[in-house]
Amino acid sequence: MRAKVIQTRFRNLLTLLVIKKIFDLLYAVVDIETTGGHASAGGITEIAVVITDGKKVLEKFQTLLNPYYTIPRYIEVLTGITNSMVEDERDFKSIADELYELLQDKIFVAHNVNFDYSFIKFNLAKCGYDLNCKKLCTIRLGRHILPGLPGYGLDKICRHLKIEIDGRHRAMGDASATVLLLHHLLEQDVNDHANKMLHIKSKEQYLPPNISANEISNLPNRCGVYYFMDKKGKVIYVGKAKNLKKRVNSHFSNNKTDEQKQEFLKRIYHVSFQETGSELMAFILENVEIRKLWPKQNNSQKRFEPTYGLYCFEDAKGYLRLCIEKKKKHLRPISTFNLLSEGYSLLYKIVKEYDLDTELCYLQKPVLNGLVAKDINKMAPHLYNLKVNECIKNLEKDVASYAIIDMGLSAEERSCILVENGKFYGMGYLSNQDAIYDVADLKSRLTPYPENEYIKKMIDQYVREYPYKKMLLQNEKSNPVGLFDGE
């Protein structure tokens, strides 16, 4: 009995020592300004670090940085930091030693700590430093200690506490305000929330109750498609991501308490993923999987279809007629449109270009957009139909076949999306040494996928935005084309 009492006292003593050690540590309150929201695709333009013991400020560090990225215009407006201001400043590598020494063995504090920490850790890692600090988020801490506020963004919570922010959206201005916020929260922390948060792995704080932390840890920092599954393994949600780990965590990092969000989180037991070489491939795969799996929690993309189509049929007198109709499930249109006006715009154009009869195209008024109705009795059906067939043929034949070449899953390969005669065929990966002969040769190396109007519009938009990734192809055998010859 005496031995058990001694063991209990010893454990209690160890617990007190651990708690004391944690509160003997200093806090490094950090704020950064960046060129964007992703550590691996953006740079830091300004950083501020304030060291505090939780009651008073001990040390400050602040500097502008050259991010070697262009600062977007909207960020220039938001922060006041311009490209010209940072072009002659030192870079992150030049402060890495000093910054690491400043941060190591301290509690890393920030308002939305994972954002600032991810940038700092990523950039320090590139300089050979492995930063592993305990993290404390003043947003999450504020929610625990000051529940029921209208908002926990830095502006709102500081306004509530009458903390003045001298220099909003500048690193030292925001960091100094966060220090005052931290001091206030620690003073009001009668239930020891800060200590509890520091003793729990950060990701455990916001994960759904039924999902393993290891599954989240195993997600890559790559683009792709992720799947949330219920207790029985059924997919209940499909999503795409530029960065799988960051996107999946974002589902859990906001603390919405509405019933819909909470019920969604309760249903999630597992997460799986498929990496893709490019963001466009992730968009396409997401759409394909949503239509195939029909997940309960996905609402968009399930019924995205064009409303109208251009159709051709033969009437009782043998004339081929063109018409704009609502999309027919079992009929293949010559072309499709989201708006009725888009369809009639094309129809007016081809009637005029091919000298077609307005009445046979259901443009029945005598004069329409400068088109005069023809007398159909003056032309035999077979002669008139030659013009209609020529029109249809020309609408379809000039649609190009091309490949979209982009990043692969490794440095030894490239991703490839094939569009054959204007229609999405499929996608896959090719070795950097592969040569492309023609469309048939390329099709044998790719995985076919179903096409729909949503995918078609995504590809069209992507090619307009990145024309240099498009490689025109021939439909017949030709000399081999290297992966980059046609870009």
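This is a short tour of some helix contacts and one sheet, to be followed in a viewer. The model is a predicted one, and residues are counted from 1 along the chain.

**First stop: H4 and H5**

Begin by selecting residues 92-103, which form helix H4, together with residues 113-126, which form helix H5; the two pack at an angle of about 115°, with their axes 10 Å apart. Seen as a crossing, H4 passes H5 in a left-handed manner. If you show side chains, look on H4 for Phe92, Ala96, Leu99, Tyr100 and Leu103, which meet Ile120, Asn123 and Leu124 of H5. Sorted by class, this contact of H4 with H5 has seven nonpolar residues, one polar residue and no charged ones.

**Second stop: H6 and H8**

Next select residues 138-145, helix H6, and residues 171-188, helix H8, whose axes come within 10 Å and cross at roughly 35°. Here too the crossing is left-handed, with H6 passing H8. From H6 the contact is made by Thr138, Leu141, Gly142 and Ile145, and from H8 by Thr178, Leu181, Leu182, Leu185 and Gln188. The contact of H6 with H8 counts five nonpolar and four polar residues, and no charged residues.

**Third stop: H7**

Now add residues 154-161, which are helix H7, and colour Leu154, Ile157, Cys158 and Leu161, which are buried. Why do they lie on the same side of H7? They cover an arc of only 100° around the axis, and this puts them on the same side of H7. In general, an α-helix has 3.6 residues a turn, so residues three or four places apart point the same way. The buried residues of H7 pack against H6 and H8, so keep the helices of the previous stop on display. After H7 comes lysine 162, which has a positive phi, near 60°.

**Last stop: the sheet and H15**

Finally, turn to the open sheet of three strands, which lie in the order E10-E9-E11 with antiparallel pairing. Strands E10 (320-326) and E11 (335-337) stand at the edges, and because each has a single partner strand, one side of each is left without a neighbour in the sheet. On average, neighbouring strands of this sheet are turned by 35° against each other, direction ignored. Select residues 308-314 to pick out E9, which is joined to the antiparallel E10 by seven bridges; cysteine 312, for example, has leucine 322 in E10 as its bridge partner. To finish, add helix H15, residues 340-354, which packs on the sheet and touches E9, E10 and E11, its direction making about 165° with that of E10.

Definitions and conventions. Predicted model: local features only at pLDDT ≥ 70, side-chain atom pairs only at ≥ 80, totals over all residues. Heavy atoms only, no water. Axes fitted to C-alpha atoms, helices over the stretch in contact; angles between N-to-C directions. Helix = DSSP H or I, 4+ residues; strand = E, 2+ residues; numbered from the N terminus. Left-handed = near helix turned anticlockwise from the far one by under 90°. Contact = heavy atoms within 4.5 Å. Nonpolar A, V, L, I, M, F, W, Y, C, P; charged D, E, K, R; others polar. Buried < 20%, exposed > 50% of the residue type's maximum accessible area, 1.4 Å probe, protein only. Arc of directions from axis to C-beta. Pairing = 2+ DSSP bridges.
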